[in-house]
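Please look through the structure shown here, following its helices and the places where they meet. The report below takes these contacts in turn and then looks at single residues.

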Amino acid sequence: MMEPREVKIKRLAMRSMRRGIKEMDLILSAFAEKNLSALADEDLSLYDQLLSENDHDLYNWVSGQSSAPEAYGNLMAEITKGAHGLTRPN
């Protein structure tokens, strides 16, 4: 059975808030709140996949300490826009 879009968005929002490190809780929950409902189904699936990545890797990608895999490039760019001030001083 296919997961209804509304259920998927709620599940992804919850997974965005319940991370391993507080910084990623803040960054991803802010992104989820502002953007999930507007994402295309394909992008929601990519975000779902991204949430399976290690938090330390995600933080390194957002903070620019390392490059995200190409598949996540555009998505990480959008997440990073909202993370300014959380990953480095304003």
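In this predicted model, the crossing of α2 and α4 is left-handed. The two helices, α2 and α4, pack at an angle of about 60 degrees, and their axes are 10 Å apart; α2 and α4 are therefore oblique to each other. On the side of α2 the contact involves Glu-23, Met-24, Ile-27 and Leu-28, and these meet Asp-55, Leu-58, Tyr-59 and Val-62 in α4. Sorted by class, the contact of α2 with α4 has six nonpolar and two charged residues, and no polar ones.

One of the α4 residues in this contact, Asp-55, deserves a further look. Is Asp-55 buried or exposed? Asp-55 counts as buried because its relative accessible area is 8%, and the cut-off for buried is under 20%. Leaving out residues up to four places away in sequence, Asp-55 touches Arg-19, Gly-20, Ile-21 and Met-24.

Ile-21, which is among the residues touched by Asp-55, has its place in the loop between α1 and α2. Ile-21 is buried as well, with a relative accessible area of 17%. When residues up to four places away in sequence are not counted, Ile-21 touches Asp-55, His-56 and Tyr-59. From Ile-21 to Ala-32 there are 11 residues in sequence and 16 Å in space, taken from C-alpha to C-alpha.

The helices on either side of that loop also pack against one another. The axes of α1 and α2 come within 7 Å and cross at roughly 155 degrees, which means that α1 is roughly antiparallel to α2. From α1, Ala-13, Ser-16 and Met-17 take part in the contact, and from α2 the participants are Met-24, Asp-25, Leu-28, Ser-29 and Ala-32. The residues of this contact of α1 with α2 divide into five nonpolar, two polar and one charged.

A further pair is formed by α3 and α5, which pack at an angle of about 75 degrees with their axes 10 Å apart. These helices, α3 and α5, are therefore roughly perpendicular to each other. Here Leu-46, Tyr-47 and Leu-50 in α3 meet Leu-75, Met-76 and Ile-79 in α5, and by class the contact of α3 with α5 has six nonpolar residues, with no polar and no charged ones.

The contacts can be read together with the core. In soluble globular proteins, nonpolar side chains tend to be buried together. In this model the largest nonpolar core has 24 residues, of which Met-24, Leu-36, Tyr-47, Leu-50, Met-76 and Ile-79 touch the most other members. At least two residues of this core are supplied by each of α1 (5-17), α2 (22-35), α3 (41-50), α4 (55-63) and α5 (73-81), and the largest share, five residues, comes from α2. Leu-36, once its neighbours within four places in sequence are left aside, is in contact with Arg-5, Ile-9, Leu-12, Ala-13, Phe-31, Leu-44 and Tyr-47.

Which residues does Asp-48 touch, not counting those up to four places away in sequence? Asp-48, found in helix α3, touches Lys-8, Arg-11, Leu-12 and Arg-15. With a relative accessible area of 17%, Asp-48 is buried.

Two other residues give a contrasting view of exposure. Asn-74 lies in helix α5, and Gly-82 is found in the segment after α5. Asn-74 and Arg-18 are 56 residues apart in sequence and 23 Å apart in space, C-alpha to C-alpha, while Gly-82 and Glu-70 are 12 residues apart in sequence and 20 Å apart in space, again C-alpha to C-alpha. The table sets out the accessibility of single residues discussed in this report.

| Residue | Relative accessible area | Class |
|---|---|---|
| Asp-55 | 8% | buried |
| Ile-21 | 17% | buried |
| Asp-48 | 17% | buried |
| Gly-82 | 48% | partly exposed |
| Asn-74 | 69% | exposed |

Notes:
Residues are numbered from 1 along each chain as its sequence is written. This is a predicted model: local features need pLDDT of at least 70, side-chain atom pairs count only at pLDDT 80 or more; totals for chains, interfaces and linings use all residues. Side-chain values use heavy atoms; hydrogens and water are left out. A nonpolar core is a set of buried Ala, Val, Leu, Ile, Met, Phe, Trp, Tyr and Cys residues joined through side-chain atoms within 4.5 Å. Buried means under 20% relative accessible area, exposed over 50%, partly exposed in between (1.4 Å probe, protein chains only). Helices (H or I, at least four residues) and strands (E, at least two) are DSSP runs, numbered from the N terminus. Contact means heavy atoms within 4.5 Å. Axes are lines fitted to C-alpha atoms, for helices over the stretch in contact, and angles run from 0 to 180 degrees between N-to-C directions. Angles under 35 degrees count as roughly parallel, over 145 as roughly antiparallel, 65 to 115 as roughly perpendicular and the rest as oblique. A crossing is left-handed if the near helix is turned anticlockwise from the far one by less than a right angle, and right-handed if clockwise. Ala, Val, Leu, Ile, Met, Phe, Trp, Tyr, Cys and Pro count as nonpolar, Asp, Glu, Lys and Arg as charged, and the others, Gly among them, as polar.
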